[in-house]
Amino acid sequence: MIYVIFNNHSPLLLNFMKKLLFSLPALILLASCSMNAPKSISYPKTKTVDQTDDYFGTKVPDPYRWLENDTAADVKAWVDEENKVTNAYLKEIPYRQAIRKRLEKLMDYTRYSVPDQSGEWLSYYKNNGLQNQAVLYVQKGLQGVPSVLLDPNTLSDNGTKAIQETAFSKHQKYFAYAVAAAGSDWQTIHIMDFSTRKMISDELEYVKFTGISWKGDDGFYYSGYDAPKDEALKYSNKTEFQKVFYHKIGTPQSSDRLIYEDKEHPLRYVDAQLTEDERFLVLNISEGTDGVEIKVKDLQRPGQAWMTIVPGFNTNAYVVGNDGDRLLLYTNNGAPNFKVVSLMPQQPDSAHWTIVIPERTDKLESVTTGGGKLFAGYLKDVCSKVIQYEYDGSHPKAVRLPGSGTAAGFHAQASDSLIFYSYTSYNYPTAIFQYNIHTGRSAIFHASEVNFNPEEYETQQVFYNSEDGTKVPMFITHKKGVKLDGNNPTMLYAYGGFNISITPAFSAMNQVFLENGGIYCVANIRGGGEYGEQWHKAGMFKNKQNVFDDFIAAAEYLIKNKYTNTQQLAIRGRSNGGLLIGACMTQRPDLYAVAIPQVGVMDMLRFQKFTVGWGWVSEYGSSDSADQFKYLIKYSPLQNLKKGICYPATLITTGDHDDRVVPAHSFKFAATLQADQGCSNPALIRIDHDAGHGGGKPVSKLIDEEADIWSFVFYNLHMNYPLKEDKN
């Protein structure tokens, strides 16, 4: 398993939108059993209101507007009724509990994260198997004895509190960490005296999308919001005027020093980070999810004003570190596949740049530092390649990886000689490696303990043509010996947005499908970052239809090449991927048997009006613009449902505490789909209580959710599942 820890340094890098990945061993397909079909569905009667909006002369009805108020009593009652209907349907699937039991058994193995290094100490997360939250361990050096530093499972009775950002002070005197509850993006920062392992009284509230950047052992920089004047609005979703503060240890939050604020732009995000030598304080400022402005201060020069080294929000960039007086900048300015340059902050314009790592044909996905070296992570047809460089870009040395998959990590202090990374692929369970920077050799630090035989499975990468002739890659994984006769149950997954690359990774939750004869496919469609900024821009704004065309073409490829057929094809996606599924099932309802849109952005005319939705305008556009409204209305899932059309069997999922993609998107889509469905295919919604967008969800809740999804998929693809006691 690859254990994802959501360290939300900044919304600029969109780390918080990355998918959760799990692993499972194989199960032999047993004899089939007859199934009793769930009873016909009687959906709750959902009231409508007389609400019509005028968009530049176009009248758009919104009869379920009342469902946007998710805290209202009538909405809560509707949620309860919808869940009753969904649970009644799922309960009658005879193998639902068998699938859950199988998932639980196969998740019961030890999983690790990539260690962080701070001085002599290593810290990493470890889950013994079915713990709701991974436990944070520390050990002194490679030979040290691991001990528990923090167990988030003790913070709540149901495991719904999760650790987010963590950071040691410079000399490991203190340890700071942020905690989020019930999947919310809101966090509270706590501080521990590391030598005694006792908590100190400092506690910082009103924090969201923050890093923790220590200056020595005295205090740290973080991003937060002013305390609301009305205590009833303590954690309101209205988040304006994010600021950077400095917190001095042993003082109340009310006395924290304001470092930076922007009184003219209430919706901008700002994140502060110190370079490792604590010389430069770097501000990353964003107006959304695409484009950044970077300001720096040289702290060796007291009183110096902020220097803007990346202006205008027209490019994506971040400061990798510094080499003495010079900053190393990762940027796509004039380089759609990214490059690294060296610059003096007093002369930031590109005319004074020195190229350190030039742009290449392969996308430069990330650059990190460790042991006085640069580690450049490239994507070659969606698979990782890592090259070690000197700070001036000289002496490139390739890191030998186990195969064609995904490598992540590669961060250490300048004085370290070891660096850690993870490696995974569709048929390679995640393992943690230690890499000797001087010898260039890797060794296993923590091997995967999952009971899985990769020899039973195979993955191939194919390239297919989209509607406009663009070649799009897709990974296809299945058991060896699968007969391509057009009759295989198949799941197609994609994301397609926000410059996010969906790279190969082992998944336990998908394994339950594969081991029962399913074919699992991931299409690397446009809008993502797999081939650089041009690939991303080809799926943004008015080009968003390319994303849906790519996905539809993937489904058609699978059918044409005899992997599956329309009655055995399921589609699935989360968040922006939920939008993808909603759009594709409304554009081509005939092409799929099952659709699983999860926490999706379904109302493209109103997304910008809720919580952090305004930040996606830089990706999608906005219905507040006449020109952008014209293309948004054409694909918005909610507005493109049509009465009497036979839509695929659909299970919508969301969380009642999702303050990123608010549940109203899913509520309104579900109500409309239930009213419009033109055949007997189910149109259900599963609303998880005390759950958010996905980050930090307890393992027990993840298993519950996946068991319900796969039961729904198996049943509606007419798959057989063993009802016998599992003997593995």
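# Strands, buried charges and salt bridges

Q: Which residue stands opposite Lys295 in S19?
A: In this predicted model, strand S18 spans residues 293-298. S18 and S19 pair in the antiparallel sense over three bridges. Opposite Lys295, in S19, stands Thr308.

Q: Which are the edge strands of the open sheet S16-S17-S18-S19?
A: Four strands form this sheet, and their pairing is antiparallel. Neighbouring strands are turned against each other by 25 degrees on average, direction ignored. An edge strand here pairs on one side only. The two are strand S16 (269-274) and strand S19 (307-310).

Q: How many degrees does the twist average from one strand to the next in the open sheet S24-S25-S26-S27?
A: This sheet has four strands with antiparallel pairing. Its edge strands are S24 and strand S27 (397-399). From one strand to the next, the average twist is 30 degrees.

Q: What is the bridge partner of Gln388 in S27?
A: Strand S26 covers residues 383-389. Three bridges join S26 to S27, and the two run antiparallel. The partner of Gln388 in S27 is Lys397.

Q: How many residues of strand S29 are buried?
A: S29 runs over residues 418-425 and is mostly covered. Leu418, Phe420, Ser422 and Thr424 point one way, while Ile419, Tyr421, Tyr423 and Ser425 point the other way. Both sets are buried. The count is eight of eight.

Q: Which residue in S30 stands opposite Ile419?
A: S29 has pairing partners that include strand S28 (residues 406-409), joined over four antiparallel bridges. Strand S30 (residues 428-436) pairs with S29 over seven bridges, again antiparallel. S29 and S30 form a hairpin with two residues between them. Across from Ile419 in S30 is Tyr435.

Q: Which residue's side chain joins that of Glu82 in a polar contact of 2.9 Å?
A: Glu82 belongs to helix H1 (residues 73-91). Glu82 is buried yet has no salt bridge, and the nearest side chain of opposite charge, Lys84, is 12 Å away. Its contacts beyond four places in sequence include Pro44, Thr46, Ile685 and Ile687. The polar contact is with Gln674.

Q: Is Asp362 buried or exposed?
A: Asp362 sits in the loop between strand S23 (354-357) and strand S24 (363-370). Among its contacts beyond four places in sequence are Asn337, Tyr378 and Lys385. Its relative accessibility is 11%, and the cut-off for buried is under 20%. So Asp362 counts as buried.

Q: What value is phi of Gln172 near?
A: Most residues other than glycine have a negative phi. Gln172, in the loop between strand S8 (161-168) and strand S9 (174-181), has a positive one. At 15% relative accessibility, Gln172 counts as buried. Its phi is near 60 degrees.

Q: What is the phi of Thr611, about?
A: Thr611 lies in the loop between strand S37 (594-598) and helix H7 (617-620). Thr611 counts as buried, at 15% relative accessibility. Although it is not a glycine, its phi is positive, at about 40 degrees.

Q: Which residue meets Lys140 in a salt bridge of 3.7 Å, N to O?
A: Lys140 lies in strand S6 (residues 135-140), and its partner in the loop between strand S4 (116-118) and strand S5 (121-127), so the pair ties together parts 20 residues apart in sequence. Lys140 is partly exposed, at 45% relative accessibility. The partner is exposed, with a relative accessible area of 54%. That partner is Glu120.

Q: How far apart are the closest N and O atoms of Arg588 and Glu556?
A: Arg588 is in the loop between helix H6 (576-587) and S37, and Glu556 in helix H5 (residues 545-560). The two are 32 residues apart, so the pair links distant parts of the chain. Both count as partly exposed, Arg588 at 24% relative accessibility and Glu556 at 37%. Their salt bridge has its closest N and O atoms at 2.9 Å.

Q: With which residue does Arg572 form a salt bridge?
A: Arg572 lies in strand S36 (residues 569-574) and its partner in helix H10 (residues 699-716), so the pair ties together parts 134 residues apart in sequence. Arg572 is buried, with a relative accessible area of 8%. The partner is buried too, at 8%. With its closest N and O atoms 2.6 Å from those of Arg572, the partner is Glu706.

Note on methods:
Residues numbered from 1 in each chain as written. Predicted model: local features only at pLDDT ≥ 70, side-chain atom pairs only at ≥ 80, totals over all residues. Heavy atoms only, no water. Pairing = 2+ DSSP bridges. Axes fitted to C-alpha atoms, helices over the stretch in contact; angles between N-to-C directions. Buried < 20%, exposed > 50% of the residue type's maximum accessible area, 1.4 Å probe, protein only. Lys, Arg positive; Asp, Glu negative; His and termini not counted. Salt bridge = Lys/Arg side-chain N within 4 Å of Asp/Glu carboxyl O. Polar contact = N/O pair within 3.5 Å; in protein donor to acceptor, adjacent residues only side chain to side chain. Contact = heavy atoms within 4.5 Å.
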